[in-house]
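Here are a few exercises to help you find your way around a new structure. Keep the model open beside you and try each task before reading its solution.

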Amino acid sequence: MLAARAKVSTTVLRAGPDMSDCETRIGELSEAALAEKWAAEFRLSITRALADQLETTLRPLKPAPLTAVALSAVLARPGVYALFFKGERVYVGKAARSLQDRLTQHLRKLSGRTGLDSAAVQFVCVYVDEDLDAAAPEKLLIKKYRKRDSIPWNTNGFGNKDPGRNRDTSVVKAAHFDATYPIDLEYQCHLRPGVQQIAVALEAAKAQLPYLLRFETSASAREAYRDLSMVVPAEPLTARNLAQHLVAALPAGWQMTALPGYLILYQERRRYGSALGWWRRESGGDVLFTPGPRQFAAGAVDAEAVDSGAGDPTSLFELDA
């Protein structure tokens, strides 16, 4: 049993005609009454009741492997879930619309990481039909679980998306998920072989890679993507080889950089402290790969908000229309 349905029960207190008199008498409760144990104070906590009921519903569930087969049985309904890695609860999250979509996103992300066996990741989930966005049920569960578990992936950047261009140069914390499990540059992309417009190749690679590929969208960049082509071989391309082919097809001055959590392509010549490495098109036409410093900072992982300058989701074809 990998999923359950939660029914949240609440108690509603209604005021009657004598309520003000009742409040007066309660307010006059003596210290002696409390001390002698024949009276007590009661405070209703809806959030505590919600966390208790969700935890009680999740507790008996048996974790299932985070695989495409298992996820095909998960319904496209809202709810909360927990991820386990090597038997340890490591992440608690919420899906506002579809648990299946959200868990599939996690599976996709984990499939493109090194140092992590995605087969060791499991999940349980609870369907919650009530509109609980305002109550933030996942945060209530995290607070409850942290009394006995560390839930490390909730604080190491696992759930973060594109941090935005302004944070590309930041030195990644050693405790960050991306530093512990960097992207797999040997991940294979299956692009249509033959001569392809760079814009088409970029869009296809962006759709297939299990991690972010962000590229420059300036007017000059869009023009280059539209006017230049690259030859895609018949065999699958690793992300590493794809970067080589893309930079080789672009003019001198372009650089593809592999950061710990994603790939970026810009007209620049820049050294990134935490990078895995970068590919540059030199003036002579050769593409050189330089291993990165892989420098990481000490300390706790900062909360990362999505930058207003994050990658433009608009299709290159729409931009060129």
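**Exercise 1. Decide whether Lys-86 is buried or exposed, and describe its backbone.**

Solution. Start with the cut-offs: buried means under 20% relative accessible area, exposed over 50%, and partly exposed in between, with a 1.4 Å probe and protein chains only. Lys-86 has 68% relative accessibility, so it counts as exposed. Next, look at where Lys-86 sits: in the loop between strand 3 (79-85) and strand 4 (88-95). Helices (H or I, at least four residues) and strands (E, at least two) are DSSP runs, numbered from the N terminus. Finally, the phi of Lys-86 is near 55°, a positive value in a residue other than glycine.

A word on the source: this is a predicted model, in which local features need pLDDT of at least 70 and side-chain atom pairs count only at pLDDT 80 or more, while totals for chains, interfaces and linings use all residues. Residues are numbered from 1 along each chain as its sequence is written, and side-chain values use heavy atoms, leaving out hydrogens and water.

**Exercise 2. Do the same for Ile-151: is it buried or exposed?**

Solution. Ile-151 has 0% relative accessibility, so it counts as buried. Its place is the loop between helix 6 (137-145) and helix 7 (177-180). Ile-151 is not a glycine, yet its phi is positive, at about 45°.

**Exercise 3. Sort the residues of strand 9 (residues 229-232) by face, and find what strand 9 pairs with.**

Solution. In a regular strand, side chains alternate between the two faces of the sheet. In strand 9, Met-230 and Val-232 form the covered face, while Ser-229 and Val-231 form the uncovered one. Two strands pair if DSSP finds at least two bridges between them. Strand 7 (residues 194-197) is joined to strand 9 by four bridges, and the two run antiparallel. Val-195 is the residue opposite Val-231.

**Exercise 4. Trace the open sheet of five strands.**

Solution. Follow the order 8-12-11-13-14, where the pairing is mixed. At the edges are strand 8 (212-215) and strand 14 (287-291), each pairing on one side only. From one strand to the next, the twist averages 15°. Strand 8 pairs with strand 12 (residues 262-267) in the parallel sense, over four bridges, and Leu-213 stands opposite Leu-263.

**Exercise 5. Which residues touch the most other members of the largest nonpolar core?**

Solution. A nonpolar core is a set of buried Ala, Val, Leu, Ile, Met, Phe, Trp, Tyr and Cys residues joined through side-chain atoms within 4.5 Å. The largest one has 34 residues, and the answer is Tyr-225, Met-256, Leu-263 and Leu-265. Helix 10 gives the largest share of this core, six residues. Now return to Leu-263: beyond four places in sequence, the residues it touches (heavy atoms within 4.5 Å) include Leu-213, Met-256 and Ala-258. Another core, of 25 residues, lies apart; among its members are Ala-70 and Cys-125.

**Exercise 6. Where does the pLDDT stay under 50?**

Solution. pLDDT is the predictor's confidence in each residue, from 0 to 100. The protein averages 84, and 79% of the residues score at least 70. Residues 8-27 stay under 50, and the model has seven contacts for them beyond four places in sequence. Residues 305-315 are also below 50, with 19 contacts in the model beyond near neighbours in sequence.

Technical notes: Axes are lines fitted to C-alpha atoms, for helices over the stretch in contact, and angles run from 0 to 180 degrees between N-to-C directions.
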